[in-house]
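Q: Could you give me a close look at one part of this model? Please take a single helix and the residues around it, with cut-offs for each term.

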Amino acid sequence: MDNDHTCVCADRHVAIIGFAIAANRQMAKAREVPEGFQNVVELIVEKLDAMVDAPMGKAAPKFYNYIGTIFIFILVSNISGLLGLRPPTADYGVTLPLGVLTFLLIHYNQFKYQKPKESGRHVFPLSPWLPIWLPINLISEIAVPISLSLRLFANVLSGTVMMALIYGLLGVIATAWPAALHVYFDLFSGAIQTYVFCMLTMTYIANARGDA
């Protein structure tokens, strides 16, 4: 079972990489007036860039690639249930590394763009109540990657479990009408969770840089 799941995840990754290679080749010979596949690629890039511009401000160009990459990866993973596949994001081993990567980016930008005293005050506030606030602040810092990863994991897993229960209970008669539920759990909810993860990531990083 694990081997089958690994193969399915690999197929999705190959599909994303294949699309990226095709897009790169298309843009290498891009026309001034886009048409066909070039239109699709430019539309995706423009929408992703616009999504990053609002919360990140002037720093947005530095994060176009990262946010665009995780957005496409998470979205494709979430909506793969439409093809009858188990979403990789329904496994905590996939969402946790995404949360940890965001956590590292947050603190990298915090130490890079804030003075040591300012960045240190988040964990070590100048207060006589330091022994009380220190563990609370440490927990709040550690909670960032856990909350990011658990939110994505739990929402995707709950939709997967719900659909599995529906098909298990209804059996053969579950042929047409559950398609509406797939649209909600896989497409709508999957897109919302992708947007929420990326928006929280950008908000945290912007705060760490002092841009927000």
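A: The close look below takes helix H3 and its surroundings, after a few words on the whole chain.

The model is predicted, so local features need pLDDT of at least 70, side-chain atom pairs count only at pLDDT 80 or more, and totals for chains, interfaces and linings use all residues. Residues are numbered from 1 along each chain as its sequence is written, and side-chain values use heavy atoms, with hydrogens and water left out.

Start with the frame. The protein chain has seven helices and zero strands (DSSP runs numbered from the N terminus: helices are H or I with at least four residues, strands E with at least two). Read from the N terminus, the order of elements is α-α-α-α-α-α-α. The chain has 212 residues, and 33% of them count as buried (buried is under 20% relative accessible area, exposed over 50%, partly exposed in between, with a 1.4 Å probe and protein chains only). Take the contacts in the chain with a separation of 6 or more: 66% of them join residues 24 or more positions apart (contact means heavy atoms within 4.5 Å).

Now H3. Two packed helices are described by the angle between their axes and the distance between the axes. Helix H3 spans residues 60–79, and helix H2 spans residues 37–56. Their axes come within 9 Å and cross at roughly 125° (axes are lines fitted to C-alpha atoms, for helices over the stretch in contact; angles run from 0 to 180 degrees between N-to-C directions). H2 and H3 are therefore oblique to each other (under 35 degrees is roughly parallel, over 145 roughly antiparallel, 65 to 115 roughly perpendicular, the rest oblique). The crossing of H2 with H3 is right-handed (the near helix is turned clockwise from the far one by less than a right angle; anticlockwise is left-handed).

On the H2 side, this contact is made by Leu48, Asp49, Met51, Val52, Asp53 and Met56. H3 brings Ala60, Phe63, Tyr64, Ile67, Gly68, Phe71 and Ile72. By class, ten residues are nonpolar, one is polar and two are charged (Ala, Val, Leu, Ile, Met, Phe, Trp, Tyr, Cys and Pro are nonpolar; Asp, Glu, Lys and Arg are charged; the others, Gly among them, are polar).

Leu48 shows this contact from H2, where it lies. Its relative accessibility is 12%, so Leu48 counts as buried. Beyond its neighbours within four places in sequence, Leu48 is in contact with Gly68, Phe71 and Ile72. Leu48 and Asn65 are 17 residues apart along the chain, with 9.3 Å between their C-alpha atoms.

Next comes H4. H3 packs with H4 at an angle of about 165°, with the axes 12 Å apart. That makes H3 roughly antiparallel to H4. This crossing is left-handed. H3 supplies Lys62, Phe63, Tyr66, Ile70, Phe73 and Ile74. They meet Val94, Leu98, Leu101, Thr102, Leu105, Asn109 and Tyr113 of H4. Sorted by class, the contact has ten nonpolar, two polar and one charged residues. Phe63 also belongs to the contact with H2.

Asn78 is another residue of H3. At 2% relative accessibility, Asn78 is buried. Setting aside neighbours within four places in sequence, Asn78 is in contact with Pro87, Thr89, Leu152, Val156, Asp186, Gly190, Gln193 and Thr194.

The loop after H3 deserves a look too. Pro88 sits in the loop between H3 and H4, helix H4 covering 92–113. Pro88 has a relative accessible area of 2% and is buried. Its C-alpha atom is 9.2 Å from that of Phe153, 65 residues apart along the chain. Ala90 is in the loop between H3 and H4 as well. Ala90 counts as buried, at 1% relative accessibility. Not counting residues up to four places away in sequence, Ala90 touches Phe153, Val156, Leu157 and Thr160. From Ala90 to Ser77 the C-alpha distance is 8.9 Å, at 13 residues apart in sequence. Val156 is thus shared, being listed for Asn78 and for Ala90.

Finally, the charges. Side chains of opposite charge can pair when their charged atoms come close. The structure holds one salt bridge (a side-chain nitrogen of Lys or Arg within 4 Å of a carboxyl oxygen of Asp or Glu). Its partners are Asp91 and Arg86, with the closest N and O atoms 3.0 Å apart. Asp91 is partly exposed at 22% relative accessible area, and Arg86 is partly exposed at 36%.
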